[in-house]
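Me: I am new to this structure and would like to go through it step by step. Could you take my questions in turn and reason each one out?

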Amino acid sequence: MNKILEWTQINFPHLVRVFLFVIAGILILMLFPRETGFYRDFSQARPWMHDDLIAPFDFAIQKSPTELAREQEQVLSELTPFFTHDRSMYDQQFPLLINRFEQAWFEKHNQQNLNTSLKEQKKKLIISIFDSIYNTGIIFLEGELVGASPETEVLLLEGNIAVRKKINDFLTIREAFQVIGQILSEKESIAEYSTMLRQIIESSIAQTIFLDEQANLRARATALERISPTRGMIQQGEKIVSKGEIITAEKYNILESFKNEYQRQLGPSSLNYLLLAGQFILVAVALLLLAVFLYIFKKEVFLNPRKLLVIFLSLYLIIFLISYISRIDGRLIYLVPVVIAPVIIRSFFDNRLSLYVHIITTLLMGFLIPKQMDIVFLQFIAGMVAILSIAHLRRRSQLFATAFLVFLSYSAIYTGLLLAQSGNFTSIEPVNYLYFAGSALLTLFSYPLIFIFERTSGLPTDFSLLELADTNSTLLRQLNMEAPGTFQHSLQVANLAEEAINIIGGNSLLVRTGALYHDIGKMEQPQYFIENQISDINIHDDLSFQESAEIIIGHVLKGIEKARKHNLPEYIIDFIRTHHGTTTTRYFYAMEKKENPDKEINPEVFRYKGPEPFSKETAVVMMADSVEAASRSLKKPTEETLSQLVDNIIDTQLHENQFDNANITLKDIVTVKRVFKNRLMHIFHVRVAYPSLN
């Protein structure tokens, strides 16, 4: 048992990495479909790449969606609309007609009792006109029937009986008014009352013939049910397609019909262990390739569980969305913002790793969605465009440009694929361009995701580094005000380190930001550091060498405290704690030994507490800090003295094993030396000594 615990403790970092890869594989595997099916891939306007396909059973040829839509439209256009006669309208309007007549008659004759026979005669006239119009029926036309031909047939429901009529068998409101006016104008004996009677009748007219929505819906449903979804048959043993044959629109439809029937006959299957084994192999190979790539090219990522977790979460997020959306509605697959994954990875790492993860993502995605080759190609190109657009990420506004470029790439590739397959524009669905726009806009959601990942993982991103590197930030502005010499020193260190890391490879923005903050601990006692002393009086002259060393060493701990007080992230604090490593304050140590030659001096009193640099970036900042500080002591800097200075300082650090924990090679260190020498020569305006011509 003890041996197992001991082995576990020794191999714990390896076990964590294996655990992350295994969990990622299991979670991805759970998203794969569990049913077997028609595995052959095919696309319109492309050759059939498999062996000759012979029908193993009879199956009907399904009509294409376009063909079905065309038939449905034709059938619906031929339907005769149903109308219903609302006879209650007569019962509602007739009393109103009589009341209006009585009131109008009373007002016209100034409340005088006139001949009642004349009154009854006029009343009978408007009643006869009113009855005649209502008996004919007043139709209400809406929708497609507005402006229809008068000869258009309709079905009038009377109870359960439908009577075939024409629109001109009824009156519209306008036609009813015309009939009223015509009848009254023909009776010269009532000219005095014509206007009054016309207004009374017109105000009492209302539609009585309306579309019967329920009957029309039933008729539409019945008509659509009668449309056959198939046309023709393929007999068992009949050749469906030959190897190398170009898949036409007709062949494509037959293949789709065979695929659907094949799936239907197969039916829902129980868990197929061979299927599961195949899917496991695919996922395992994909993740193994990712692991090998990280181990060979990005070992610092491979060895860091937090970085692996960010990669797996980004990859899984897209695979999950693709799997979930494809099961809900395959048409929404274009709405999934696949390029979020490479954008997130690029924010934390570099372009090459971002591209590689995107390749793995799109390959796995191809097993989850139909017509995988088209969508894989579409998403692969869009992801490459996104990566290229943020290759040099320096501003948040670049994400908006990325979203726009992603939309353009989606639209262009989609249009190109459909034109290449069909040779016409009819197969293009305009709604997909809206999905592309939505996907591009959802790409902007990567910014809050990056923020969440950054806070939970503690890893730096270019966005946070850009904010921290702003010299107008509170802490750097305070450093400039309270310790201006240190601030200028930090700027020079940042320039030296950034130029070197750009050449040997590394996170240049992280190096620059870390260099700007590495000496913030000097703000507590700026006068004790020579770069901030503006007079010839040195405050260390009144202190012992041990006291001076304690103050100088203490700026590291004070810097860490100040950084944490201002909530600086740990990856910046790493530069503060490591920029002197475990070196000694050489001047005070040497002076202590000189003044006490007979006394044994404990070097630990004069030694920084460390730790030593543990990354390429922190190692370069350590070198740049020491070289820049020492170069200020040169009285007359020349090419030779600067070269010797750089060599002596960095070789001493190398001899003291300060870089043993950093992933930096001797070749990198030689390159850093050369960069520092060239940079310092430019800073001190040193000319290169050319050989004599004699």
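Reply: The questions and answers below go through a sheet, a surface patch and a few single residues of this predicted model.

Me: In what order do the 4 strands of the open sheet stand?

Reply: The pairing in this open sheet is mixed. β5 (161-166) and β6 (209-211) each have a single partner strand, so they stand at the edges and one side of each is left without a neighbour in the sheet. From one strand to the next the twist averages 40°. Read across, the order is β5-β4-β3-β6.

Me: Which residue in β4 stands opposite phenylalanine 82?

Reply: Strand β3, made of residues 82-85, is joined by 3 bridges to strand β4, made of residues 153-158, and the two run parallel. Phenylalanine 82 falls within the residue range given for β3, and the residue that stands opposite in β4 is leucine 155.

Me: Which residue in the turn of the hairpin formed by β4 and β5 has a positive phi?

Reply: β4 and β5 pair in the antiparallel sense, over 6 bridges. Among the bridge partners, glutamate 153 is matched with lysine 166 in β5, and leucine 156 is matched with valine 163 in β5. The hairpin has 2 residues between its strands, and the one in the turn with a positive phi, of about 70°, is glycine 159.

Me: At about what angle to β3 does helix α8 run?

Reply: Helix α8 covers residues 213-225 and lies across β3, β4 and β6. These strands belong to the open sheet already described, in which β3 stands between β4 and β6 in the order. The direction of helix α8 relative to β3 is about 155°.

Me: Is valine 22 buried, partly exposed or exposed?

Reply: Valine 22 is found in helix α2, and it is one of the residues of a nonpolar patch on the surface, which also includes Val18, Phe19 and Met30 and has about 630 Å² of accessible area together. Because its relative accessibility is 44%, valine 22 counts as partly exposed.

Me: How many Å separate the C-alpha atoms of arginine 40 and lysine 259?

Reply: Arginine 40 is found in the loop between α2 (12-30) and β1 (53-54), and with 23% relative accessibility this residue counts as partly exposed. Leaving aside residues up to four places away in sequence, arginine 40 touches Trp48, His50 and Leu53. Lysine 259 is 219 residues apart from arginine 40 along the chain, and the separation of their C-alpha atoms is 9.1 Å.

Me: Is leucine 516 buried or exposed?

Reply: Leucine 516 is found in helix α22, which covers residues 508-517. Not counting residues up to four places away in sequence, leucine 516 touches Ala469, Leu476, Leu479, Ser490, Leu491 and Ala494. The term buried applies under 20% relative accessible area, and leucine 516, at 2% relative accessibility, therefore counts as buried.

Technical notes:
Residues numbered from 1 in each chain as written. Predicted model: local features only at pLDDT ≥ 70, side-chain atom pairs only at ≥ 80, totals over all residues. Heavy atoms only, no water. Pairing = 2+ DSSP bridges. Axes fitted to C-alpha atoms, helices over the stretch in contact; angles between N-to-C directions. Contact = heavy atoms within 4.5 Å. Buried < 20%, exposed > 50% of the residue type's maximum accessible area, 1.4 Å probe, protein only. Patch = residues over 30% accessible without salt bridge, like charges linked within 9 Å, V, L, I, M, F, W, Y side chains within 5 Å. Areas by Shrake-Rupley, 256 points an atom, 1.4 Å probe, with all protein chains shown as cover. Salt bridge = Lys/Arg side-chain N within 4 Å of Asp/Glu carboxyl O.
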